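Trainee: I am new to this one. Could you take me through it piece by piece?

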Amino acid sequence: LTGSFAYLAAHEERIPRMVAGLNLDMVGQDQEQCGSSLLFEQPPGAAANFTAVLLARLREYILPEAKGLSGVGGYPLFRTADVPFGGGSDHYIFSDPSVGVVMPMLIQWPDRFYHTSADTPDRVDPRMLGKVGRLAATYAYWLAQAGANEARWLAREIAARFRQEVIGLVQDSITRAGGEESAGQEELQRRLAYRVARHQQALATVRRLAAVEVVSLQEEAAAFAQAELRRAEGIPADRPVAEVEVEGALLVPRRRFRGPIQTRAVVTRLDEAGRDRWWELQRRMGKLSRVLPVLAVYWADGERSVAEIACLVWHETGLEATALLAEYFGELAELGLVDVR
């Protein structure tokens with residue numbers, strides 16, 4: 001992480017010319033020895049872009065190793081999965097909206113030898129290195145030669161996958177209707193609106209490749225989502241939810257520095273009571289203390305309130321954390337890392 005911070009700080013003039021990236025972390029493992037799977041980590045919602053769809057399409061084309069019994073279809077012979085954004089590696093610096101270099105990640109996880117002296121060269125699988133190398137090279141080459149035709153194809157591919165996602169979301173709501181985890185009409189509408197906004201942003205990033213027209217696809221997406229919402233008109237209404245006032249929820253944080261916020265050096269300069277208060281907040285966040293603050297800071301654009309940020313984080317993670325995030329941004333203000341109004 002330190003190297004990426006230093007590189008970008010020393011070469012800020014290069015950032016506007018960076019089209020996209022791909023972060024390779026812990027790739028090439030022998031899955032049986034390490035107990036890992038090859039994971040494709042998606043970009044964060046605040047930085048929705050074209051890379052996830054491009055990488056998914058290339059993966060479908062490159063990675064299948066075997067065909068079904070009848071000789072049709074294809075699938076990989078190793079463990080692989082898509083996972084949501086988790087951060088923890090260099091892509092979380094580049095993907096920060098204040099930096100704006102779109103970058104998914106390939107990583108193999110979990111790893112039973114992670115950060116130990118048993119992480120030796122014999123844990124590497126040359127065949128897995130070949131798979132990842134071929135995928136990464138194709139991704140880089142495709143981006144390097146992409147022009148208007150490629151950009152238009154990618155925009156249509158993004159639009160097609162968005163329609164599949166919307167159909168799946170609406171059908172899932174219909175299936176769950178009336179159950180404990182069902183989403184009512186209003187909640188479904190909010191979920192669709194969030195996805196439409198992210199999809200429209202992803203389409204806009206295609207213009208980094210070439211100056212192609214994407215407005216019509218953005219409009220079609222909104223109309224398609226509304227049509228699908230009408231298909232779910234028969235599901236029950238939302239259950240009433242009591243409004244809970246959260247102190248600090250109406251504060252609007254404004255970031256003072258470009259890139260993800262680093263707190264450790266500042267926290268160590270606090271007095272004992274300040275440090276205890278900070279680490280107690282981290283304890284209450286639990287395992288989410290690494291990703292929850294990162295996603296919240298990504299959404300902090302100087303215009304959104306903490307309540308609005310918490311709503312977007314909920315869409316991205318399914319976690320309601322307004323109170324925690326209000327406290328977190330309050331602590332960042334005390335540390336001098338953000339301004340609030």
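**The sheet and its neighbours**

Mentor: Start in the sheet of this predicted model. Strands β2 (residues 37-41) and β3 run parallel and are joined by four bridges.

Trainee: Which residue of β3 is the bridge partner of L39?

Mentor: L39 belongs to β2, which spans residues 37-41. Look across to β3 for its bridge partner: that is A81.

Trainee: In what order do the four strands of the open sheet stand?

Mentor: The pairing in this sheet is mixed. The sheet is open, and its four strands follow the order β1-β4-β2-β3.

Trainee: Which strands stand at the edges?

Mentor: Look for strands with a single partner strand. Such a strand has one side without a neighbour in the sheet, so it stands at an edge. The edge strands are β1 (23-25) and β3 (80-83).

Trainee: By how much are neighbouring strands of this sheet turned against each other on average?

Mentor: Ignore the direction of the strands here. The average turn between neighbours is then 25°.

Trainee: At about what angle to β3 does helix α3 run?

Mentor: Helix α3 covers residues 51-62. It lies across β2, β3 and β4 (105-109). Its angle to β3 is about 170°.

**Helix α8**

Trainee: How far apart are the end C-alpha atoms of α8, and why does that agree with its length?

Mentor: Helix α8 has 17 residues, 215-231. At 1.5 Å a residue, it should span 24 Å. The value in the model agrees, with the end C-alpha atoms apart by 25 Å.

Trainee: Why are the buried residues of α8 said to be on the same side?

Mentor: The buried residues are L217, Q218, A221, A225, E228 and L229. They sit on the same side of α8 because the arc they cover around the axis is only 120°.

Trainee: Which helices do these buried residues pack against, and which exposed residues does the opposite face carry?

Mentor: The buried residues of α8 pack against α6 (148-176) and α7 (185-205). The face turned away from the buried side carries the exposed residues E219 and R230.

**Loops and single residues**

Trainee: Which residues does the cis peptide bond join?

Mentor: Go to the loop between β4 and α5 (126-145), where P110 has its place. Omega is about -5° for this bond. The cis peptide bond joins W109 and P110.

Trainee: Is H115 buried or exposed?

Mentor: H115 lies in the loop between β4 and α5. Its phi is positive, about 55°, although H115 is not a glycine. Its relative accessibility is 69%, and exposed means over 50%. So H115 counts as exposed.

Trainee: What is M26, buried or partly exposed?

Mentor: M26 lies in the loop between β1 and α2 (31-34). Its phi is near 60°, a positive value in a residue other than glycine. The relative accessible area of M26 is 23%, so this residue is partly exposed.

Trainee: Which residues does T263 touch, leaving out those up to four places away in sequence?

Mentor: T263 lies in the loop between β5 (253-255) and α9 (264-267). At 18% relative accessibility, T263 counts as buried. It touches W278, L332 and L337.

Trainee: How many disulfides does the structure hold?

Mentor: A disulfide is a covalent bond between the sulfur atoms of two cysteines. Here C34 is buried, with a relative accessible area of 3%. C311 counts as partly exposed at 36%. The number of disulfides in the structure is zero.

Note on methods
Residues are numbered from 1 along each chain as its sequence is written. This is a predicted model: local features need pLDDT of at least 70, side-chain atom pairs count only at pLDDT 80 or more; totals for chains, interfaces and linings use all residues. Side-chain values use heavy atoms; hydrogens and water are left out. Helices (H or I, at least four residues) and strands (E, at least two) are DSSP runs, numbered from the N terminus. The expected span of a helix is 1.5 Å times one less than its number of residues. Buried means under 20% relative accessible area, exposed over 50%, partly exposed in between (1.4 Å probe, protein chains only). The arc is that of the directions from the helix axis to the C-beta atoms. Contact means heavy atoms within 4.5 Å. Two strands pair if DSSP finds at least two bridges between them. Axes are lines fitted to C-alpha atoms, for helices over the stretch in contact, and angles run from 0 to 180 degrees between N-to-C directions. A disulfide is a pair of cysteine sulfur atoms within 2.5 Å.
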